[in-house]
Amino acid sequence: MLSSQRFDKIASNFATSEVHRSSPTIDALHETLGPQTGRALCDVACGAGHLALSFAAQGPARLVGVDPAPSMLEEFRALANDRGAKVEAVEAFAGELPFPDGSFDLVMSRLAPHHFPDLAAAVADMARLLRPGGQLAVIDLEGHEDQEIDALNHELEMLHDPTHQRSYTLDEWIQCLNDAGLNVPVARGSQAESPTGVPVKRWCEIASSGTEAEQAIRQRLTEAPPGHLDALGIRRTGREFLIPVRTCMVIGVKPLAETR
């Protein structure tokens with residue numbers, strides 16, 4: 001578990017992080033979903049709430065951010081207040097969402113499910129909240145199909161943030177949403193939250209990884225086969241490595257209720 005002091009620091013980091021504030025996948029999600037005017041939206045494990053707040057100007061009927069960390073919710077409320085957005089901030093874990101069935105038109109989660117200890121339970125709970133025809137949108141770190149490359153990716157993520165559980169492949173995400181009863185019309189892998197790449201130092205600053213972890217990450221990247229780095233989209237420039245924050249985006253749709 002993270003200490004409350006470090007969690008507070010991370011919350012502040014997330015509020016100002018260029019990776020969390022915006023990305024090509026957020027833009028792609030908006031383009032794919034279209035306007036959410038008059039709809040009920042819920043951002044699960046919302047952190048500082050950047051994804052939820054990216055919909056605020058569209059006039060949703062309800063905009064909810066859920067996170068287990070009070071410090072994250074404080075950042076969410078502060079950012080919402082700065083933008084004049086009306087939001088609800090709810091303290092809860094994914095998998096224990098305190099809302100009735102069919103409460104939302106859109107449930108979403110970004111850069112968070114890789115922390116979930118039970119992904120299937122969390123996805124099933126998010127799917128439960130959807131109205132018929134509602135959508136579950138996920139943007140999260142992507143695992144790799146090659147076991148050796150995936151092992152390197154996992155090692156780097158654990159050094160970067162020890163609360164990391166697992167990065168799932170695109171096929172695993174599709175199966176997980178299918179198992180929750182959702183159709184999956186959109187599934188895009190090999191996305192990048194930072195097309196130019198985040199320097200290792202900055203990547204570690206965002207997560208408050210610490211000096212030892214940063215040094216270990218650099219050492220591991222230096223030793224890794226170039227082909228493994230290429231597969232993960234990691235580039236080297238001089239003595240620095242640039243991390244793309246490699247992700248996938250999936251959108252599941254809850255089937256419409258049968259009519260009689």
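**Reading Gln135 and its strand**

Modeller: Gln135 lies in strand β5, which spans residues 130–141. The model is predicted. How is one to read the burial of Gln135: is the residue buried or exposed?

Biologist: The cut-off for a buried residue is under 20% relative accessible area. Gln135 has a value of 17% and is therefore buried.

Modeller: How does the strand as a whole compare with that reading: how many residues of β5 are buried?

Biologist: Nine of the twelve residues of β5 are buried, so the rest of the structure largely encloses this strand.

Modeller: Which strands pair with β5, and in what direction do they run?

Biologist: On pairing, β4 (residues 104–110) is joined to β5 by six bridges, and the two run parallel. Within this pair, Phe104 stands opposite Leu130 of β5. The chain passes from β4 to β5 by way of helix α6 (residues 119–128), a β-α-β crossover that is right-handed. Strand β10 (residues 246–253) is joined to β5 by seven bridges, and this pair is antiparallel. Here Leu136 of β5 stands opposite Gly252 of β10.

Modeller: What should one expect of the side chains along a strand?

Biologist: In a regular strand, side chains alternate between the two faces of the sheet.

Modeller: With which side chain does that of Gln135 make a polar contact, and which residues does Gln135 touch?

Biologist: The side chain of Gln135 makes a polar contact with the side chain of Arg39, at 3.3 Å. Beyond four places away in sequence, the residues touched by Gln135 include Leu33, Arg39, Asp105, Leu106, Val107, Ile251, Gly252 and Val253.

Conventions: Residues numbered from 1 in each chain as written. Predicted model: local features only at pLDDT ≥ 70, side-chain atom pairs only at ≥ 80, totals over all residues. Heavy atoms only, no water. Helix = DSSP H or I, 4+ residues; strand = E, 2+ residues; numbered from the N terminus. Buried < 20%, exposed > 50% of the residue type's maximum accessible area, 1.4 Å probe, protein only. Polar contact = N/O pair within 3.5 Å; in protein donor to acceptor, adjacent residues only side chain to side chain. Contact = heavy atoms within 4.5 Å. Pairing = 2+ DSSP bridges. Right-handed = clockwise from strand over helix to strand, strands pointing away.
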